[in-house]
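Work through the following exercises on charged side chains with the model open. Each task is followed by a solution in steps.

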Amino acid sequence: MNKDKMEGKMKDVAGRVQRQAGEWTGDTEQQLKGTGKEVEGKLQEGMGKLEDAGKKAVEDIKDRARQMEEKKQQPKTEDEQDMEKEGAA
């Protein structure tokens, strides 16, 4: 879990607590501040998830490129050599 996801989750929870306390006490200002903190936390957590997904996508692309490069360097099978000969003819 990255820093943004963790901090975002903590802000979200803190905002919920603040909003709920505001509801119990009838303090509209605390309710609004809590809701704002919840939204900020959810956005930050979402950015963390997006960052993780981006990193995973980059790693997947690198892995696929490595696999393709390794496949190019492997000696060709007899069937592959025969198919190349037939295509050239």
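The exercises below deal with salt bridges and a charged surface patch in this predicted model.

**Exercise 1. Salt bridges as a whole**

Task: State how many salt bridges the count comes to, and name the residues linked in a network of salt bridges with R16.

Solution:
- Side chains of opposite charge can pair when their charged atoms come close.
- The cut-off is a side-chain nitrogen of Lys or Arg within 4 Å of a carboxyl oxygen of Asp or Glu.
- By this rule the count is 12 salt bridges.
- The network that includes R16 links this residue with D12 and K42.

**Exercise 2. A pair between two helices**

Task: Find the distance between E38 and R19 in their salt bridge, and decide whether E38 is buried or exposed.

Solution:
- The N to O distance between the side chains of E38 and R19 is 2.6 Å.
- E38 belongs to helix α2 (residues 28–73) and R19 to helix α1 (residues 3–25), so the salt bridge ties together parts that are 19 residues apart in sequence.
- Buried means under 20% relative accessible area.
- E38 has a relative accessible area of 10%, so E38 is buried.
- R19, with a relative accessible area of 23%, is partly exposed.

**Exercise 3. Two pairs within helix α2**

Task: For the salt bridge of D60 and K56 and that of E59 and K62, give the distance and the separation along the helix, then classify the accessibility of each residue.

Solution:
- D60 and K56 meet at 3.0 Å, N to O.
- D60 and K56 are 4 residues apart in helix α2, which means a separation of about one helical turn.
- K56 counts as exposed because its relative accessibility is 53%, while D60 is partly exposed at 39%.
- E59 and K62 meet at 4.0 Å, N to O.
- E59 and K62 are 3 residues apart in helix α2, about one turn of the helix.
- E59 is partly exposed, with a relative accessible area of 39%, and K62 is partly exposed with 43%.

**Exercise 4. A negative patch**

Task: Which residues form a negative surface patch with D82, and in which helix does D82 lie?

Solution:
- The patch is formed by D82 together with E78, D79, E80 and E86.
- D82 lies in helix α3, which spans residues 78–88.
- A patch residue needs over 30% relative accessible area and no salt bridge.
- D82 has a relative accessible area of 38% and is partly exposed.

How values were computed: Residues are numbered from 1 along each chain as its sequence is written. This is a predicted model: local features need pLDDT of at least 70, side-chain atom pairs count only at pLDDT 80 or more; totals for chains, interfaces and linings use all residues. Side-chain values use heavy atoms; hydrogens and water are left out. Patches are made of residues with over 30% relative accessible area and no salt bridge: like charges are joined within 9 Å, nonpolar side chains (Val, Leu, Ile, Met, Phe, Trp, Tyr) within 5 Å. Accessible areas come from the Shrake-Rupley method with a 1.4 Å probe; for residues, only the protein chains shown count as cover. Lys and Arg count as positive and Asp and Glu as negative; His and the chain ends are not counted. The place of a charge is taken as NZ of Lys, CZ of Arg, CG of Asp or CD of Glu. Buried means under 20% relative accessible area, exposed over 50%, partly exposed in between (1.4 Å probe, protein chains only).
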